[in-house]
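The following exercises are to be worked through with the sequence and the structure in view. Each task is followed by a solution in steps.

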Amino acid sequence: MPALILDKIQKQFPTPDKPVVVLRDIDLRMENGQSLAIVGPSGSGKSTLLHLIGTLDRPTAGQLTLDGRDLLAMNPQALADFRNLQLGFVFQEHYLLPQLTAFENVLIPALARGRPQFDVTARALELLQKLGLEHRQSHRPAELSGGERQRVALARALLHRPRLLLADEPTGNLDHETARAMGQLLLQMQQQHAEMILIVVTHSLELARQMHRCLQLDNGKLA
Amino acid sequence: MVQRPSTLSISRVVARTFRHHWRILISVLLGVTLATAVLTGALLVGDSMLDSLRHLALDRLGDIDQAVIGQHFFRAALVEEMAKDDANAQSYAAIVPTILLSAISAERGTGPSTPAQPTRAAGVTLIGSTPAFWELGPASSRPKELPSDREVVLNRTLADALHAQVGDSIVLRLPVGDQVPADSPLAQKSNRIRSLAQLRVIAIVPASGLGRFDLTNQQQPPRLAYVSLATLQRALGQDHKINTILLAQRSSLQAESLTPSSSQRDASPILRPNLEDFGVSVTRHQLLFPDAPSPTPERVFDYLQIATDRMMWDPRVAQALHVALKPLGAQEVLTYLANSIERVDQGDGRSPPRAIPYSMVSALDSHHDLGPLDDVKGQVIASLADDEIALNQWTADRLAVRLGDIIRLRYFLPETTHGDVREAAAEFRVSAIIPLTEPARPFGTQQPAAFDQRPTRANDPHLTPTVVGVTDEASIEDWDPPFPYDPSRITKEDEVYWDFHRTTPKAFVSLAAGRRLWNSRFGGTTSFRVPHGDKITRDSVVATVTAALWGVKNDLGFAVLPLRSDALRAARGTTDFQYLFLGFSGFLMIAALLLVALLFRLGIERRASELGILSAVGWKPARIRGLLLAEALPLALFGGILGAAAGAGYAALMIAGLRSPQWWLAAVSTPFLRFHASLTSLVIGASCGALIGWGVTFLSTRPLRHASVRRLLSNQLQTAASAVGDGAWHGLRWVPMLLLVVAVILGLLGARWDGEGQAGAFFTSGAALLAAQCLALYQRWRYAPGRSLQPASMGLLQLAGRNAGRNAGRSTLTTGLMAAACFIIIAMSAFRVAPTLRGTGGFDFIAESGQPIFADLTTPTGRQAALGENAHVLDGAVILPLRRQAGDDASCRNLFRSQRPALLGVTEEVLRDADRTDVAHFAWAAGMGMEGTTLQNPWRLLHADDASPVGVIPVILDKNTALYALKLSGRMGETFDVEYGPEKRLTFRVVALLSGSVLQGSLMVAERDLLTHFPNLAGQQVFLIRAPAGRGPEIARQLETTFADQGLQVELAADRLDQLLAVQNTYLSTFQSLGALGLVLGAIGVAVVQLRGVEERRSELALLQAAGFRRARIAQLVLAENMTLLGLGLGMGVLAALVAVLPHHQLTGSSLSITSLAGMLMAIIVTGLVSATLSVRAVLRSPIVSALRHPG
């Protein structure tokens, strides 16, 4: 049975006149350890679809399950726990807290459940080391380059070894070389975490080709 | 090796956030500080008011705790006797003899000061004192030199009123005490004022400490003059006598707290007045025959007479003596002066009826031991029936009377009105003729008449009390009676009777009959007689009488008044200034808290993406809110502490305003307020401010509960829910029209009503218009943002207008709040009150005198008698008198709690004038039994016999006095009690309420009720005057000149009303001033709201820059949007307010202060411009690229 199932997902946004349908009958199945790139023209709903998968938004209709769990039936508290432990996000914008250091930003997910324990802080250091940021751990985002900030964001997303890693244009704000390196890092991290499902929304065909699958979103449908 | 960093905690996140976002958080801190400052400041204003009142109350008393204020003069030696008592010595540190004379007038004579300035002052209290008096107060209020003979010390208040300086000469007009009640026909009406002249001012003491000694509780300093006790005793002819004792308790017993039980701690002095102090004499009268030394003289009569120097015994005292003396076989006597005793012609052909003028008639019940009605055999004649009369032989012979004849007595009624005596008559049937022995030798100057034949018990002149100018004269020709007297009626026989019999009564009636004719509020007994014997001696009777009088000494003026306890109770005040200033500052506080909410919300929205990522990585909404609240907590705590400190400054500013004549002095009358801060208020203010501030930030985080994570990441805090579901508003397009119709209807109704109803209707009309505008604006922005901008009309202002409504909900809220605040602040002007004709009752002047005036100013005859050749000045004027019992001013001018409100006795003249339909009258708020009908003459309710139960006094008072001074409900029929002295609790029942009248501050009762409970009140002291057009000032001048000795002061009724209304109007001004400050803060809030909007549109504005817009042009665009919102808010508010205010002002003739309104609006617009400019500049500093790259 697929680990991730999207079944006839629909999303529309209300307006004073008539609702705007962004996603129509989206069906998607993904197995453990698979990676997927979603491509499509601007405004096609790629980020919307990613947000729905990441439970950052709710579909208008359809079903969404992960490992047999109906994500749409969860209450907000359960969803928050789910996101904390099972999901990891990397956005185009790094969304690092400017007042915290790189190390502290990585620990942010752990602070959701109380003071981070030793094992978690060790995990954070390990991630920073793997991503080549060991010597930058005490620097604030303003002191980091764009690529370094994205790597910190990636480390944050991987802190709890998520089941699902979602990246929305992770290389959109990076130069070509940095973007390529970032793409490599995403795949490496996914490969190092067995059963992690990676879904990337990207305009980069180079990145998309590195994924197991590539689907195009066009006119609200996934092909 | 890289050092392992310490782990992450919430507190570390909070600390880092503070360092990073300090700008926005500091502004939140300032908002909390401001709100706390306002809250704490209001509390401290209340503290200051209470402290100031208490300080005033205690300062003016010095060490004095209690006082005995006699109705009459008594021995100064009583003080020495009290001081020698051990119990008194233990309880009291000082017992000081004094003479206090209130409500006298003073006049400045010659001296160094410029003579052209006003020289007369009324309402002066004169204190005749010894050095011990000054020891009761602080040294700072003592003169360097105490006054001796012909010297006077003034307090600063009186000196300023007289424009007097040291060295000037002062004249004081003193009331001459008359033992006989002034309204009695036997009392002197004229020459009741004597002058104490040529007093040299030797010092002027400050109006503090004993320099403002006052028995009443008010914040205005009294006018005081001090002379030596001896000087005043001599001037009054009261050598070795005083009328006041001041007592200072030992400090351990002083009442300091404000608790009701403080009075229980008052010591009770041992006070033992003797008969002389009470004005009572016990005299043995015996008539022996023969009176020459004889071994066995016969005792014709031998009794002890108990008499009062007041001629009549007070009814309550008489009752006490009646009880005490009855076991001794006492006889009560009422002797009265008959203008004539005449035989009624019965047509039997006897000689023409004769009349005997000016004769004494005694009413008594003769009995065996005392007589005096004996027959020729010396046997007691049976008691007279109530229609019978007994004449002595001389009278019977003179009138040629037989038994059974009818005798007519003519007499003056025992009570006068305006000093006018009225004669009445009564007829009796002769049932006995009493033998009367003619003395062999007449009365000499100090010698009684001598008898060579046995006198009878009727030969007793002592049955008649002493009447100065009559009974104490050697010859009837020397009479100088206070009543109308025609000496031509005196015949030779009458003179002979006087020579041989003096005041021996010529006729006798029963005691009941006498009381029926001559009983009055002054009493119905002139003396008690007790037979003297072995067991009933003078000493025993003295002891019995003294004990009885001690039991009613309060009624005789020996009540101990707890001055300090009363003062402390009064110092609790009538108005709670804490709540008052909290109310005034409400807008300011709300504005500050809204600013806190806006700024905190701005901070949240700026960090929306941070909060979004927290949510995305699994932070629950509650934890995210908890983080924000943890950030807000130190802000709230620190803001609370800072705010409490700043609150002291705010309070000081408020107090400065209340002391300033240009600001709010009219609310408190005098600049007596001083700053005082209590720790309790500071702690409460800081705590509440912190709590409220923190609470506001909590509320600001509420949108996070349902915030979409996606939107947060996009830096949009607005929830998805707000974008849907508001179609309902779209369907309510008819509501603004409906509200407009309501506004019109209310406006029309208001034009037909008056008073507060009118003001309320217009206010509600304006509010409905405001709501209509706000709703219409929202609907316009939300559902019809406007046609597409056409190229020809596309300008910056049009774009700004479109942008202003971009976020319909936020923009409407912003403009609506500004409009509402503006509306309320301006529309409160509708409740300003101006002096109206009905407020003055149609009267031009109100006059008050310190001493009673007996002249009848209501009739031409009375005016002629009082003003002589100047009487014509009063032609055409209506002068209505009222009696007054002095008391506390229960108007809103007096901040002290009124415990004994002044009473006004409404006379018949006032009642009749109120029946007139051709003049304006007072406005009435309510009248008993008159709901729903026009109030014709509610004054008559004071006389409706069925209006109140027995013993309950119908009262009329001003509505403001009822509600604010006495804390009544304003309901008709409500009863309340007032203690006018120990054992003098009066119960009143409200029968009508005046509305906004010049009579605010007093309780109005029927004259008869006033005199029943205060029988010694004499004359009138308050006058309502209606003058013919153009002659008012002349009439006022003439009255003041004529009655200068009585201290009459005539004041324009409109001016008096203006002062009374000024308190309420000043409170409104205070509210409006502080509200305007709140609006200024609101203008900053609009800028903050704009800043949020601008930040949301950062990339859009950056795009404009990229497209070639200069920064200045973008700034103009944003400023225009800001001013559009501000202008709309102010415009809507002002328009609605004008609808509320202008019609009312037009109809009432009052004016709206356009200047202050314009000033307020200007301040708000300027503040809005400045704050908007600052916010725009902050945003436009951001580089274009980063704004385009990072839209949020």
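**Exercise 1. A covered strand of chain B**

In which sense do S23(B) and strand S25 (residues 985-994) of chain B pair, and over how many bridges?

*Solution.* The model is a predicted one, in which local features need pLDDT of at least 70 and side-chain atom pairs count only at pLDDT 80 or more, while totals for chains, interfaces and linings use all residues. Residues are numbered from 1 along each chain as its sequence is written, chains are lettered from A and ligands numbered from 1 in the order in which they are written, and side-chain values use heavy atoms, with hydrogens and water left out.

Step 1. Helices (H or I, at least four residues) and strands (E, at least two) are DSSP runs, numbered from the N terminus; two strands pair if DSSP finds at least two bridges between them.

Step 2. S23(B) and S25(B) pair in the parallel sense, over seven bridges. Within this pairing, B:Leu994 of S25(B) stands opposite B:Asp958.

Step 3. S23(B) also pairs with strand S26 (residues 1002-1006) of chain B, here in the antiparallel sense and over two bridges. The residue of S26(B) opposite B:Ile956 is B:Met1004.

Step 4. Buried means under 20% relative accessible area, exposed over 50%, and partly exposed in between (1.4 Å probe, protein chains only). In S23(B), residues 952-958, seven of the seven residues are buried. One face holds B:Val952, B:Pro954, B:Ile956 and B:Asp958, the other B:Ile953, B:Val955 and B:Leu957.

**Exercise 2. A threonine in a helix**

Determine where B:Thr961 lies and which residues its side chain reaches.

*Solution.* Step 1. B:Thr961 belongs to helix H28 (residues 959-965) of chain B. Its relative accessible area is 0%, so B:Thr961 is buried.

Step 2. Contact means heavy atoms within 4.5 Å. Apart from neighbours within four places in sequence, B:Thr961 is in contact with B:Ala890, B:Leu966, B:Gln1000 and B:Gly1001.

Step 3. A polar contact is a pair of N or O atoms within 3.5 Å; within protein, one must be able to donate a hydrogen and the other to accept it, and residues adjacent in sequence count only if both atoms are side-chain atoms. The side chain of B:Thr961 lies 2.9 Å from the backbone nitrogen of B:Gly1001. A polar atom of that side chain is also 3.5 Å from the backbone oxygen of B:Ala890.

**Exercise 3. A strand with several partners**

With which strands does S2(B) pair by six bridges?

*Solution.* Step 1. Strand S8 (residues 241-249) of chain B runs antiparallel to S2(B) and is joined to it by six bridges. B:Pro97 has B:Ile245 as its bridge partner there.

Step 2. Strand S3 (residues 120-129) of chain B is likewise antiparallel to S2(B), over six bridges, and B:Arg120 is the bridge partner of B:Glu107.

Step 3. A further antiparallel pairing, of four bridges, links S2(B) with strand S5 (residues 169-175) of chain B. In S5(B), B:Arg173 is opposite B:Ser105.

Step 4. S2(B), residues 92-108, is mostly covered, with 13 of its 17 residues buried.

**Exercise 4. The contact between the chains**

Describe the contact of chain B with chain A.

*Solution.* Step 1. The contact takes 40 residues from chain A and 36 from chain B. Buried area is the accessible area (1.4 Å probe) that two parts lose on being put together, summed over both; here it is about 3400 Å², and carbon and sulfur atoms give 61% of it.

Step 2. A salt bridge is a side-chain nitrogen of Lys or Arg within 4 Å of a carboxyl oxygen of Asp or Glu. Four salt bridges join the chains. One of them is between B:Lys620 and A:Asp81, whose closest N and O atoms are 2.7 Å apart. There are also 11 residue pairs in polar contact between the chains, both residues being at pLDDT 80 or more.

Step 3. On the chain B side, helix H1 (10-20), helix H17 (608-616) and helix H20 (709-713) each supply at least two residues. H1(B) gives the largest share, seven residues.
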